[in-house]
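Here is a friendly walk through one protein model. Have a look at the sequence and the fold, and then read on.

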Amino acid sequence: MAGKGNAAVIEAVSNSLQHESNLVREHAVVTLKDLSSCGDAAVVRKLVAALADEGLRVRMAAADALSKVARRGDPIWIALVVEHLGHQSLDVREAALIALHQLAAPGCADVIASISLRMEDADIGGRKALLSALQQFALPGNQPAILEAARCVADSSIEVRKMALRVLGTLAEDLPQTAEGRVIASLEDSHASVRKTAVTALEKLARKSSGLRRLLLDRLDDPAPCVQCAAILAAGRLCDLDDEVTATKLASCLESSEKMCEVAAQQALGWLLQRGSRAPLPKLAQLLWHGNEKVRESANLVLARLPCQWQWLREKWSPATPPSRPLRFAQKAL
């Protein structure tokens, strides 16, 4: 019955946002959406506050209402919603992220700036949520976002450090010089889970940086099996086809007592063989006569990945007659 923008009715409905019933508060939010004009600052503030309501349906209604009442891209409302990303409640953070997607487009500089401003004041869960939003809204190569993520790589929280590394893995195309030291230090982090995340996240960057590639390959000797496993898989994708040192090291991982490392080595060596590398073949040939049956089986599984035109190499070797001298492989046309 009330006309759109009727101030008295809007005020009366707004009072119901404090009602004890979740259902009443939800209907109040929906009604405000229907009655308010786009850009009504007073109503937008109330809807942003409703993102922190204890009722799920109220929070979802508020996020939907903001998409109709708040102007998309308005930096004031974006900053208010981002503030809720640092809220101590996971439910509130999720509602704020939904609302943010309604108000801002990917690459929005105001979102990135607001996230950076809120980061220091947020708790661990809030910092993770802010980094997640940074990953979703920043475009690849965005320097402010990359620098903020690199700063968080040195965070006191293990979970925040890992989230920051994932953001870098998504966004970074090159490492800014000011951030390079922090990022590289993550490969020596005292916690294995952080080192593992660093190996996986930084693999893309290592394709462009020979120094970073070397540091990743050094993790093949990491004391933690989970880190070794990540490094083995990364090496299988990064290793040059004629890099005999790395290929031999990967083949040696087939002798690992850790099953996950053995399986990862099979996968990595299989990738190398399918890409056309012969570098692992001498070591694999030796492993066919290894004293441990499981190692022999593992080497055979890898050699089964040889391209069809190279299967003659495998058929030439007989487990009954170990090689008396280093194996040499004649070049054959593909």
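## Surface

How much area does the protein chain expose, and what share of it do carbon and sulfur atoms supply? In this predicted model, the exposed area comes to about 16,200 Å², with 52% of it supplied by carbon and sulfur atoms. As for the interior, 46% of the 334 residues count as buried.

The charged side chains number 41 positive and 38 negative. The centres of these two sets lie 7 Å apart.

## Fold and overall shape

If you enjoy helices, this one is for you: the protein chain has 20 helices and zero strands. Its C-alpha trace spans about 95 × 40 × 35 Å along the principal axes. The radius of gyration is 28 Å, whereas a compact globule of 334 residues would have one near 20 Å.

Contacts also reach along the sequence. Taking those between residues at least 6 apart, 67% join residues at least 24 apart.

## Cysteines

How many disulfides are there? The count is zero, and two cysteines help to show why. A disulfide needs the two sulfur atoms within 2.5 Å. For Cys226, the closest cysteine sulfur belongs to Cys229 and is 8.3 Å away, so the pair is too far apart for a bond. For Cys239, the closest one is in Cys253 at 12 Å, which is also too far for a bond.

The surroundings of these two cysteines are worth a look as well. Cys226 is partly exposed, because its relative accessibility is 26%. Cys239 has a relative accessible area of 2% and is therefore buried.

Conventions
Residues numbered from 1 in each chain as written. Predicted model: local features only at pLDDT ≥ 70, side-chain atom pairs only at ≥ 80, totals over all residues. Heavy atoms only, no water. Helix = DSSP H or I, 4+ residues; strand = E, 2+ residues; numbered from the N terminus. Rg over C-alpha atoms; globule rule 2.2 N^0.38 Å. Buried < 20%, exposed > 50% of the residue type's maximum accessible area, 1.4 Å probe, protein only. Contact = heavy atoms within 4.5 Å. Areas by Shrake-Rupley, 256 points an atom, 1.4 Å probe, with all protein chains shown as cover. Lys, Arg positive; Asp, Glu negative; His and termini not counted. Charge placed at Lys NZ, Arg CZ, Asp CG, Glu CD.
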